[in-house]
Amino acid sequence: MATQVSRALLVRLEALPGREDEVRDFLNRGQSIVDGEPKTVRWFGLQFGPSSFGIFDAFPDDDGRQAHLSGAVATALTENTGVLFETPSIEELDVVAEKAPT
């Protein structure tokens, strides 16, 4: 049975000109990082448009979300701001309903 979630993050990334492929690669690497975070129970790398990307991840509780915000992906976001993408927009969300994976 899948873990239910109540908290989430939506991170929006705007690639710097010519860095779109590198941002896509960055997101692919990010997935392997969160595999080691037991409380990051849903994680998606997204592309909204030609240079607009994002991350959506969900957690069972606020402790999981806070652990993620201080983890390796957050560090990688900081290190790549101004190199691959503009300053990320990070929104903390509450999950009001979900269809959990089976």
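**A four-stranded sheet and a buried aspartate**

Let me begin with the sheet, which is open and built from four strands in the order β2-β3-β1-β4, with antiparallel pairing; strands here are DSSP runs of E of at least two residues, and helices are runs of H or I of at least four, both numbered from the N terminus, while two strands pair if DSSP finds at least two bridges between them. Because β2 (42–47) and β4 (89–94) stand at the edges with a single partner strand each, one side of each has no neighbour in the sheet. From one strand to the next, the twist averages 15°.

I should say that this is a predicted model, in which local features need pLDDT of at least 70 and side-chain atom pairs count only at pLDDT 80 or more, whereas totals for chains, interfaces and linings use all residues. Residues are numbered from 1 along each chain as its sequence is written, and side-chain values use heavy atoms, with hydrogens and water left out.

Strand β1 (residues 7–14) runs antiparallel to β3 (residues 52–59) and is joined to β3 by eight bridges; Arg7, for instance, has Phe59 as its bridge partner in β3.

Turning to Asp57, which lies in strand β3, is there a salt-bridge partner, or what is the nearest side chain of opposite charge? Asp57 is buried (under 20% relative accessible area, with a 1.4 Å probe and protein chains only) yet has no salt bridge, meaning a side-chain nitrogen of Lys or Arg within 4 Å of a carboxyl oxygen of Asp or Glu. The nearest side chain of opposite charge, Arg65, is 8.4 Å away, with Lys and Arg counted as positive, Asp and Glu as negative, and His and the chain ends not counted. The side chains of Asp57 and His68 are, however, joined by a polar contact of 2.7 Å, that is, a pair of N or O atoms within 3.5 Å, one able to donate a hydrogen and the other to accept it within protein, where residues adjacent in sequence count only if both atoms are side-chain atoms.

Technical notes: Axes are lines fitted to C-alpha atoms, for helices over the stretch in contact, and angles run from 0 to 180 degrees between N-to-C directions. Buried means under 20% relative accessible area, exposed over 50%, partly exposed in between (1.4 Å probe, protein chains only).
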